[in-house]
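Here is a short report on one chain and how its helices pack. Keep the structure open while you read.

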Amino acid sequence: MPPSITRAGAGGNERGGKSFAVLVSLVNTAKLNSVDPELWLADVLERIISGKLTANRMETLFPWAWKAEREGIANQERRAA
């Protein structure tokens, strides 16, 4: 990583650095669970913003739960075909 990002945070301030750390943590968690971070984040953000997700189902957004849900949907579609 460029020293300017790691040293003073994204944008050179502490708040930007914390935001960057959260983003990197999310991306790396997705990668560790063999999930495409871009696809996962886009879907998760769309669900949250659109209101398609209720508060009691937030745990389904974790990368490992999201992946299992996607695999289950794919398996159902294969059986139906």
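Buried means under 20% relative accessible area, exposed means over 50%, and partly exposed is in between, computed with a 1.4 Å probe on protein chains only. This is a predicted model: local features need pLDDT of at least 70, side-chain atom pairs count only at pLDDT 80 or more, and totals for chains, interfaces and linings use all residues. Residues are numbered from 1 along each chain as its sequence is written, and side-chain values use heavy atoms, with hydrogens and water left out.

**Overall layout**

The chain has four helices and zero strands. Read from the N terminus, its elements run α-α-α-α. Helices (H or I, at least four residues) and strands (E, at least two) are DSSP runs, numbered from the N terminus. Of the 81 residues in the chain, 20% are buried. Contact means heavy atoms within 4.5 Å. Take the contacts between residues at least 6 apart in sequence: 27% of them join residues at least 24 apart.

**Two helices side by side**

The table sets out α2 and α3. The expected span of a helix is 1.5 Å times one less than its number of residues.

| Helix | Residues | Expected span | Distance between end C-alpha atoms |
|---|---|---|---|
| α2 | 19 residues | 27 Å | 27 Å |
| α3 | 14 residues | 20 Å | 20 Å |

For α2, the span agrees with the expected value. For α3, the two values agree as well.

**Helix α2**

Which residues of α2 are buried? They are G16, G17 and A30. Seen down the axis of α2, these buried residues fall within an arc of 150 degrees, so they line one face of the helix. The arc is that of the directions from the helix axis to the C-beta atoms. The face turned away from the buried side carries the exposed residues E14, R15, K18 and L32. Cover for the buried residues of α2 includes α3 and α4 (63-80).

Two other residues of α2 deserve a look. T29 lies in this helix. At 27% relative accessibility, T29 counts as partly exposed. Leaving aside neighbours within four places in sequence, T29 is in contact with P63 and W64. T29 and P63 are 34 residues apart in sequence, yet 7.1 Å apart in space, C-alpha to C-alpha.

V27 also lies in α2. Not counting residues up to four places away in sequence, V27 touches P37 and L41. The C-alpha atoms of V27 and P63 are separated by 9.6 Å, and these residues are 36 apart along the chain.

**The turn after α2**

S34 is found in the loop between α2 and α3. Its phi is positive, about 55 degrees, although S34 is not a glycine. Most residues other than glycine have a negative phi. S34 is exposed, with a relative accessible area of 59%.

**Helix α3**

The buried residues of α3 are P37, W40, L41, D43, V44 and R47. They cover an arc of only 165 degrees around the axis, which puts them on the same side of α3. On the other side of α3, E38, L39 and I49 are exposed. What covers the buried residues of α3 includes α2 and α4.

**Where α2 meets α3**

How do the two helices cross, and at what angle? The axes of α2 (residues 14-32) and α3 (residues 37-50) come within 9 Å and cross at roughly 115 degrees. Axes are lines fitted to C-alpha atoms, for helices over the stretch in contact, and angles run from 0 to 180 degrees between N-to-C directions. From α2, the residues L23, L26, V27, A30 and K31 meet P37, W40 and L41 of α3. The residues of this contact divide into seven nonpolar, no polar and one charged. Ala, Val, Leu, Ile, Met, Phe, Trp, Tyr, Cys and Pro count as nonpolar, Asp, Glu, Lys and Arg as charged, and the others, Gly among them, as polar.
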